[in-house]
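Hello,

Here is the two-chain model I promised to pass on to you. Have a look at it first, and then read on for what turned up when I went through it.

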Amino acid sequence: MNASFWVEALVALLLVLSGVFVLVSALGFTFLRDFFLRMHPPALAYTIATWCVSIAGIVYFSALGDGLAMHHLLIIIMLCVTVPVTTVVLARVALFRRRMAGVANTPPALTPPHGSDSEE
Amino acid sequence: MSPMLNAAIMFAIGCYALASLLVLYRLTIGPRAQDRVFALDLLYIHAMLVMLVIGIRHQSDIYFEAALLIAVFSFVSSSAMAKFILRGEVIE
């Protein structure tokens, strides 16, 4: 049950990279000043950090067992499908609430407001 | 497991812990509700990454399924909360 040196070096490099990317995304998420700016850094954690850890898992478990262990790819696919939905809904939430609060420089709604027949 | 891989795993988990503390700070002070929902979603992702790294540490496949479950729950809870603060109800 021991992997070779180069496999462990590759896995260690990928894990360190993912830790650094998660830290950078959390720093950006915490210290940027507006919600629409803060939405962007978590994409690092959702994509590159998760890909690094998943590829590290694929490499490590493929080297340990026999054959490819590709099931860590499921996590990448799962996040690729679900994260844009959550992010777009949260962006719409922020825009809607900002419009309701009457903040200046907010773009108007594309669809007419409630009460018209054209909606749905 | 070599000391190099062990040190890398400890470094990664330390980075996740520090990042979770930062995101928790934003969750506490977040000026609007959408900040808090986004911070909660990011905390879910950090928990999922910790699960995957612990799975590598223990050379076990069980943690992978826990990580997949956490990813599913992250999507369900975040989108439900976002839909709730958008329209006032989850399913209309």
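In chain A, 55% of the contacts between residues at least 6 apart in sequence join residues at least 24 apart. For chain B the corresponding share is 47%. Please keep in mind that this is a predicted model, and that everything below is computed from it.

**Chain A**

Chain A has four helices and zero strands, so its pattern from the N terminus on is α-α-α-α. Its radius of gyration is 21 Å, whereas the globule rule gives 14 Å for 120 residues, so chain A is more spread out than a compact globule. Along the principal axes, the C-alpha trace of this chain spans about 65 × 35 × 15 Å. Of the 120 residues in chain A, 34% are buried.

Helix 3 of chain A deserves a look of its own. This helix covers residues 42–64, which is 23 residues. Its first and last C-alpha atoms are 32 Å apart, close to the expected 33 Å. Even with that agreement in length, there is a kink of about 30° in helix 3 of chain A, centred on A:Thr50.

**Chain B**

Chain B comes to three helices and zero strands, in the order α-α-α along the sequence. Its radius of gyration is 16 Å, while a compact globule of 92 residues would be near 12 Å. The C-alpha trace of chain B spans about 55 × 30 × 10 Å along its principal axes, and buried residues account for 36% of the 92 residues in the chain.

How does the span of helix 3 of chain B compare with the expected value at 1.5 Å a residue? The helix has 26 residues, which should span 38 Å, and its end C-alpha atoms are indeed 38 Å apart. Several of its residues are buried, among them B:Phe64, B:Ala67, B:Ala71 and B:Met81. The buried set also includes serines, namely B:Ser74, B:Ser78 and B:Ser79. The cover over the buried residues of this helix includes helix 4 of chain A and helix 2 of chain B. Just after helix 3 of chain B comes B:Gly88, with a positive phi of about 90°.

There is another positive phi to note, this time in a residue other than glycine: B:Gln59, where the value is near 50°. B:Gln59 sits in the loop between helix 2 and helix 3 of chain B. Is this residue buried, partly exposed or exposed? B:Gln59 has 13 C-beta neighbours inside 10 Å, so it counts as partly exposed; the buried class would need 20 or more.

**Where the chains meet**

Between the chains, 41 residues of chain B are in contact with 44 residues of chain A. On the chain B side, the elements that give two or more residues are helix 1 (3–29), helix 2 (33–58) and helix 3 (62–87). Helix 1 of chain B provides the largest share, 14 residues. By type, the residues on this side divide into 29 nonpolar, seven polar and five charged.

In soluble globular proteins, nonpolar side chains tend to be buried together. Here, the largest nonpolar core has 53 residues, and the members that touch the most others are A:Val11, A:Leu15, A:Val22, A:Ala56 and B:Leu49. The elements giving two or more residues to this core come from both chains: helix 1 (5–31), helix 3 and helix 4 (73–101) of chain A, along with helix 1, helix 2 and helix 3 of chain B.

If you would like a pair to start from, try A:Ala56 and B:Ile56. Leaving aside neighbours within four places in sequence, A:Ala56 is in contact with A:Val11, A:Leu14, A:Leu15 and B:Ile56. Its partner B:Ile56 belongs to helix 2 of chain B and has 26 other C-beta atoms within 10 Å, so B:Ile56 is buried. Not counting residues up to four places away, B:Ile56 touches A:Val11, A:Ala56, A:Gly57, A:Tyr60 and B:Ile9. Within its own chain, B:Ile56 is 50 residues from B:Asn6 in sequence, and the two C-alpha atoms are 10.0 Å apart in space.

Happy exploring, and all the best!

How values were computed:
Residues numbered from 1 in each chain as written. Chains lettered and ligands numbered in written order. Predicted model: local features only at pLDDT ≥ 70, side-chain atom pairs only at ≥ 80, totals over all residues. Contact = placed C-beta atoms within 7 Å. Nonpolar A, V, L, I, M, F, W, Y, C, P; charged D, E, K, R; others polar. Expected span 1.5 Å × (residues − 1). Bend = angle between axes of the 7 residues up to and from the residue. Rg over C-alpha atoms; globule rule 2.2 N^0.38 Å. Buried ≥ 20, exposed ≤ 12 C-beta atoms within 10 Å, placed from the backbone. Core = buried A, V, L, I, M, F, W, Y, C linked by C-beta atoms within 7 Å.
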